[in-house]
Amino acid sequence: MLQTLDAPLTTISELKKSPRKIIDEATELETGVYVLNQSKPEAVIMPVEEYEHMVKENRHLNEQLANYAIQQRISNPNPTLLSDRETRGNAADKPPVVDPNDGWD
């Protein structure tokens with residue numbers, strides 16, 4: 001969670017009174033505005049562009065982490081092998097479903 005001290009704060013009461021003001025503040029500052037409920041962070045109001053950028057950046061970073069983990073596993077000369085059950089969980093206990101019409105011969 002972001003430190004609430006690093007971003008503007010408002011209350012639910014203020015948000016109810018003037019939502020446009022809070023949205024404009026978030027847009028102008030290009031950051032989220034924390035909405036407090038009884039002095040505790042309840043939500044964050046942020047511009048759509050900032051939110052979409054954050055989501056894309058998060059996806060990109062997660063992909064980089066996954067790729068790094070893959071590279072580490074590939075380069076390991078003594079890999080740890082996992083059983084089917086360790087990999088797929090309870091799905092490993094079910095018989096495979098074969099579709100004769102799936103186009104694979």
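The accessible surface of the protein adds up to about 9300 Å², and carbon and sulfur atoms account for 53% of that. The model behind these values is a predicted one. Of the 105 residues in the protein, just 10% count as buried. The overall dimensions go along with this picture: the radius of gyration is 24 Å, whereas a compact globule of 105 residues would have one near 13 Å. Laid along the principal axes, the box filled by the C-alpha atoms is roughly 65 × 40 × 30 Å.

A single pair of residues gives a feel for these dimensions. Arg-20 and Ala-92 sit 72 residues apart in sequence, and their C-alpha atoms are 52 Å apart in space. Arg-20 itself is placed in helix α2. As for contacts, among those between residues at least 6 apart in sequence, 37% join residues at least 24 apart.

The secondary structure amounts to four helices and three strands. Read from the N terminus, the order of the elements is β-α-α-β-β-α-α. Strand β1 covers residues 9–11, helix α1 covers residues 12–17, and helix α2 covers residues 19–29. A loop that holds Glu-30 then leads from α2 to β2 (33–37), and another, holding Ser-39, lies between β2 and β3 (40–45). Helix α4 takes in residues 84–88.

One of the residues of strand β1 is Thr-10. With a relative accessibility of 8%, Thr-10 counts as buried, because the cut-off for that class is under 20%. What does Thr-10 touch, leaving aside its neighbours within four places in sequence? The contacts are Leu-15, Ile-22, Val-33, Tyr-34, Val-35 and Leu-36. Several of these can be placed from the residue ranges of the elements: Leu-15 falls in helix α1 (residues 12–17), Ile-22 falls in helix α2 (residues 19–29), and Val-33, Tyr-34, Val-35 and Leu-36 fall in β2 (33–37). Thr-10 is thus in contact with residues of α1, α2 and β2.

On to the charges. The protein carries 11 positive and 18 negative side chains, and the centres of the two sets are 8 Å apart. Side chains of opposite charge can pair when their charged atoms come close. The number of salt bridges found in the model is four. Three of them, described below, involve residues of helices α1, α2 and α4.

In helix α1, Glu-14 pairs with Lys-17, with 3.5 Å between the closest N and O atoms. The two residues are three apart in the helix, so about one helical turn separates Glu-14 from Lys-17. Glu-14 is partly exposed at 32% relative accessibility, while Lys-17 is exposed, its relative accessible area being 66%.

Helix α2 offers a bridge between Asp-24 and Arg-20, where the closest N and O atoms are 3.0 Å apart. Here the spacing is four residues, so again about one helical turn lies between Asp-24 and Arg-20. Asp-24, at 39% relative accessibility, counts as partly exposed. Arg-20, by contrast, is exposed, with a relative accessible area of 52%. That value puts Arg-20 in the exposed class because the cut-off is over 50%.

The bridge in helix α4 joins Asp-84 to Arg-88, with the closest N and O atoms 2.7 Å apart. Both residues lie in α4, four residues apart, about one turn of the helix. How accessible is each partner? Asp-84 is partly exposed, with a relative accessible area of 42%, and Arg-88 is partly exposed too, at 45% relative accessibility.

Finally, two loop residues have backbone angles worth a mention. For Glu-30, phi is near 55°, a positive value in a residue other than glycine. Glu-30 belongs to the loop between α2 and β2 and is exposed, its relative accessible area coming to 57%. Ser-39 also has a positive phi without being glycine, in this case near 70°. Ser-39 sits in the loop between β2 and β3, where, at 68% relative accessibility, Ser-39 counts as exposed.

Key
Residues are numbered from 1 along each chain as its sequence is written. This is a predicted model: local features need pLDDT of at least 70, side-chain atom pairs count only at pLDDT 80 or more; totals for chains, interfaces and linings use all residues. Side-chain values use heavy atoms; hydrogens and water are left out. The radius of gyration is taken over C-alpha atoms; the globule rule is 2.2 Å times the number of residues to the power 0.38. Buried means under 20% relative accessible area, exposed over 50%, partly exposed in between (1.4 Å probe, protein chains only). Contact means heavy atoms within 4.5 Å. Accessible areas come from the Shrake-Rupley method with a 1.4 Å probe; for residues, only the protein chains shown count as cover. Lys and Arg count as positive and Asp and Glu as negative; His and the chain ends are not counted. The place of a charge is taken as NZ of Lys, CZ of Arg, CG of Asp or CD of Glu. A salt bridge is a side-chain nitrogen of Lys or Arg within 4 Å of a carboxyl oxygen of Asp or Glu.
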